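Please read the points below alongside the model and check each one against the coordinates.

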2 protein chains.
Amino acid sequence: MAKAPTVYDVAERSGVSIATVSRVLRSPAAVREHTRERVLAAVTELGYVPSAAARGLAARRTNVIGLFFPGHDETVPDQPVDSARGDTVPIVDDDSDASSDTENLYFDEVLRGAEIEAWRRGFALMVAAGRGSSREALVTDIAGRVDGLAVLARTVPDELLTYVARRIPVVILAGAQRADDFDHVSASNGPGMRTLANYVLQDHGVRDVVYIAGPTDSPDDAERLSGFRDALADSGLAESSVRILRSDFTRDGGRATAARILATDRPRAILCSNDETALGVLDVLEQRGIRVPDDVLVTGFDGISAGRHSRPRLTTVHQPMVELGRAAVHAITARLDDPNLEPQSFTLPVEVVLRESCPRV
Amino acid sequence: MAKAPTVYDVAERSGVSIATVSRVLRSPAAVREHTRERVLAAVTELGYVPSAAARGLAARRTNVIGLFFPGHDETVPDQPVDSARGDTVPIVDDDSDASSDTENLYFDEVLRGAEIEAWRRGFALMVAAGRGSSREALVTDIAGRVDGLAVLARTVPDELLTYVARRIPVVILAGAQRADDFDHVSASNGPGMRTLANYVLQDHGVRDVVYIAGPTDSPDDAERLSGFRDALADSGLAESSVRILRSDFTRDGGRATAARILATDRPRAILCSNDETALGVLDVLEQRGIRVPDDVLVTGFDGISAGRHSRPRLTTVHQPMVELGRAAVHAITARLDDPNLEPQSFTLPVEVVLRESCPRV
DNA sequence: TCTTCAATTGTAAGCGCATACATTAAGAGA
DNA sequence: TCTCTTAATGTATGCGCTTACAATTGAAGA
C-alpha cells in the first residue's frame, strides 16, 4: 500500500499537464488520441486510481446516492468477530418456525433496484441502517457523503429529514404521499387493496369479512384501509357490517389478532393489511384445524417471498419492490437535474396475485 | 437547495476560526465548552452538514468500505421507470415455482453483517454489483471512493483485484483461502461437509451415497468436496465406492443431475454441495413419488432460507452469513490499522442443521 | 504583580482534482 | 509562405476540510 499516485504522478510520467490527465479521464474526446494513449499507459503502469474525494470536492458533487433503511441491531450480538477455526462443527436440530427474515426481503429487493438504477445513471450507492441510538449522527454523516438520499418511510424523524433536505434531495420510499416538500415513491396501495377486496366480495361473493389493519402511523396502511372501504362501497356494504381490527404488521400480531377474531367469530374471509399479518393468521387457522381456503379465505399485501412458501400459499397484492428502488433513484436524479421541480410523487402499479389462500373462482 | 454552508460560514457566525469549527466536530474535547456550544448552535442554525469529500481529501481517508456482490442485471428490464398511476390493478395467477430469489438471501445477510460492523467502526458502506468485468466500473465507481473493499468470491477477476489491491485492502469473501496476497473470510466448508457426511454415513449407516459437487472453479466447492472425501476416509470407504457428479449450484442443475442419477441408480442418500442443488433434487424426487427421507436422504449446504420452507425441509450446513459480512469489515479495518499485517484468513464456524430431509437418527 | 506553562484558539498550508482562461500547435485558406 | 481559426494543451485557482505550528489566553506559582 505505497502512497497512492495522483494526477501529478501520471502527468509527470506521461509528460503532460495535470489538466490533460484529468481530461483523459473526464472527457477523453477533448484529447488527441496519441496523448490519450500515453496518459492511459501511465495510469496503468502506476496503478493510478482517481480519488473520489478530490473529484467530489472539485466538482461539487459526489455521484453517490444514499439509501436509508430500518435498523435491526437486536439481531446481531455486539461481540467481536473472532477468527476461531471452525474445526468442530455442532449438529443441531432446527426448531425455528421460520417467522424471521421476512422484512429483510423487502429491503433486499428495494436495494437491488436502487443499485441497478444508480449504476445506470452513473451513481454509486451507499447504504445505512437506522440504528436507534445514533440515528441523527448517522443521517448527517451520510448526508454529507451523498448527492441525494432515499429513505424508507418511518425510519427517520421528519425533523431530521427536513434538516437534511435543506442540502440534498430526499425521497421517501413506500410511505404514502403526504403534503410535504419531499418527493415520494410508493406503490398503489389503495387501488391494490380495493381490487383484491372486490375480488373477495364480488367474485367470491363473500359478505362476512374481517379486515386486519396495521399500525395507525403507517401511511401505507391508511391507504390500504381506505382502499378496502372503497371496495365496501363498491359492493354497497355498510362499514358497520364488517369488522375492522388493528394489528401491528408482524406475524405474531397476526396470530394474536386471529385468536381474537376466532374467539367470537368465524368469518368467511380475513383480509390482512400485509403479508406477515396474514401468515400469522394462517398459522392460527392451521393450528385450529380450520381449512383455508375452504372454510376461510385469507389475503395479505406486499408479496414477500415467504408468502409463496406458506401452506397454503398466500394470495396477496404484490408491490414492485425492485421498481420502487429504481424509482427512488430516478426521483433523486430528476431533482438533481432540475432542483426547482415541484415535489413529485411516483405511484407504482401493483398486481393482485392469486394463490391458494384465496384462489381464482 | 441553497448553497450549502461550509466551515467558513459556521466560523463566521459563531465568531471563531475554521480550525475551531473543525475541532468541535472532530475532537470536541479540545475545545472549551463555551466555545463548543456557540459553534454547535451555529451549525444547527445554518443547517451545516460537513462535506465528506473535503474531509476525505484532507484526512486522506474516506471512512467508507466497499462491498462488491454478484450482479443480476439480467433480471431488470432496461425500460425507464414510469410514474404511471397504478389505478388499474391486474389480477394474475401465481404459477411461479419459487425457484428464484434464493441467492439474494445469501447476499442480503452478508450485507447486513457488513453494514452493522462498518457503522460500528465508524465507516460508511458502499455497495456495488459486479457487472461484467469492466475495470472502469470497479475502479472509478468504488475503488477511488473507499478505504477498503470486500468482494464476494468470483465476482471480480483476479487481475482487477490485484490492481485495486495496490491501493487499498481487499478481502475476499466466502472463497476458500488461496495462497494469494488478499485477506480471506470464509466459512468452515470442509469440516462442515465432513461432519454432515459423517452423520449420514455413520449415524444413518448409509453406504450407498451420491455426492453432487458444484462448479470446478468454486473454491468453496473444492473444500466441501474435500470434506466429503475426508468423511469417506473416516468411514473407511473407498472413493470408488461412491458416485460423485458435478452440477452448477443452481436449482435447475440439481434437477437435471437428479434425473441423471435416477436414470441408473437409486442411492440411499444424495449429498449436495449447496442448498439450491438440493432443492432441485427434492423437486425431482417429489415429482417421481420418491419419499424423502424414507427412501432417500437429501442434504444441502449454506442454510438459505428457502431450505427452511421446502417440503420436506432441508438438512444443511448453515453458514453464518451475517458473521461473514462482519468479519470482512473487521479484516479490512484490521489491515487499515496495520497495513503490514501478513495476509490473514478468517474461517468462521458452521453448524449442521438437521431437518426432515435427513432427520436426527 | 510578574512569570511560566498548559490550555485554547488562530494561521496557513496543503489534500487531489476539475475547470476557466491563457497559450500554443495545427490546419485551412489565400 | 503567411495569416487566421480551431483544436489541443498548459496555468492557475479553488473546492471545504484537517492539522502542524504559531499565537494568545489564563490560571497557578513566585
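The points that follow cover the DNA strands, two helix pairs and some backbone features.

1. Status of the model. This is a predicted model, and the values below should be read as computed from it.

2. Surroundings of DNA strand C. DNA strand C is surrounded by 26 residues. The closest come from both protein chains: V7(A), S22(A) and Y48(A), together with R23(B) and T35(B). Of the atoms of DNA strand C that come within 4 Å of the protein, 57% belong to sugar and phosphate.

3. Composition of the surface near DNA strand C. The elements that supply at least two residues each are α1 (7-14), α2 (18-26) and α4 (52-59) of chain A, and α2 (18-26) and α4 (52-59) of chain B. With 5 residues, α2(A) gives the most. Sorted by class, this surface has 13 nonpolar, 6 polar and 7 charged residues.

4. Phosphate distances on DNA strand C. S22(A), listed above among the closest residues, has a polar side-chain atom 2.3 Å from a phosphate oxygen of the strand. For R55(A), a polar side-chain atom lies 2.8 Å from a phosphate oxygen of DNA strand C. From chain B, T20(B) places a polar side-chain atom 2.7 Å from a phosphate oxygen of DNA strand C.

5. Surroundings of DNA strand D. Here 28 residues lie around the strand, and those that come nearest are R23(A), T35(A), V7(B), S22(B) and Y48(B). Sugar or phosphate accounts for 56% of the atoms of DNA strand D within 4 Å of the protein, and bases make up the rest.

6. Phosphate distances on DNA strand D. Which contacts to a phosphate oxygen of DNA strand D use a polar backbone atom? One is made by R32(A), at 2.9 Å. Another is made by V7(B), at 2.4 Å. S22(B) uses its side chain: a polar atom of that side chain is 2.3 Å from a phosphate oxygen of DNA strand D. Two or more residues of the surface near this strand are given by each of α2 and α4 of chain A, and by each of α1 (7-14), α2 and α4 of chain B.

7. Composition of the surface near DNA strand D. The largest share, 5 residues, comes from α2(B). The class counts are 14 nonpolar, 7 polar and 7 charged residues.

8. The α4 pair across the two chains. Both α4 helices appear in the surface near DNA strand C, and they also pack on each other: α4(A) and α4(B) have axes 8 Å apart, at an angle of about 135°. At that angle the two helices are therefore oblique to each other. Their crossing is left-handed. In α4(A) the residues involved are A53(A), A54(A), G56(A) and L57(A), which meet A53(B), A54(B), G56(B) and L57(B) in α4(B). These residues divide into 6 nonpolar, 2 polar and no charged.

9. Helices α10 and α11 of chain B. Helix α10 (residues 251-264) and helix α11 (residues 275-287) of chain B pack with axes 7 Å apart at an angle of about 50°. The pair α10(B) and α11(B) is therefore also oblique. The crossing of α10(B) past α11(B) is right-handed. On the α10(B) side the contact is made by R251(B), G254(B), R255(B), A258(B), A259(B) and L262(B); on the α11(B) side it is made by E276(B), T277(B), L279(B), G280(B), V281(B), D283(B), V284(B) and L285(B). By class, this contact has 7 nonpolar, 3 polar and 4 charged residues.

10. Cis peptide bonds. Most residues other than glycine have a negative phi, and most peptide bonds are trans. In chain A, a cis peptide bond joins V292(A) and P293(A), with omega about 10°. P293(A) is placed in the loop between α11 (275-287) and β10 (297-299) of chain A. In chain B, the bond from R311(B) to P312(B) is cis, with omega near -10°. P312(B) lies in the loop between α12 (306-309) and β11 (316-318) of chain B.

11. A positive phi. What is the sign of phi at N63(B), which is not a glycine? Phi at N63(B) is positive, at about 60°. N63(B) lies in the loop between α4 and β1 (64-70) of chain B.

Note on methods. Residues are numbered from 1 along each chain as its sequence is written. Chains are lettered from A and ligands numbered from 1 in the order in which they are written. This is a predicted model: local features need pLDDT of at least 70, side-chain atom pairs count only at pLDDT 80 or more; totals for chains, interfaces and linings use all residues. Side-chain values use heavy atoms; hydrogens and water are left out. Axes are lines fitted to C-alpha atoms, for helices over the stretch in contact, and angles run from 0 to 180 degrees between N-to-C directions. Helices (H or I, at least four residues) and strands (E, at least two) are DSSP runs, numbered from the N terminus. Angles under 35 degrees count as roughly parallel, over 145 as roughly antiparallel, 65 to 115 as roughly perpendicular and the rest as oblique. A crossing is left-handed if the near helix is turned anticlockwise from the far one by less than a right angle, and right-handed if clockwise. Contact means heavy atoms within 4.5 Å. Ala, Val, Leu, Ile, Met, Phe, Trp, Tyr, Cys and Pro count as nonpolar, Asp, Glu, Lys and Arg as charged, and the others, Gly among them, as polar. A residue is near a molecule or strand if one of its heavy atoms lies within 4 Å of it. A polar contact is a pair of N or O atoms within 3.5 Å; within protein, one must be able to donate a hydrogen and the other to accept it, and residues adjacent in sequence count only if both atoms are side-chain atoms.
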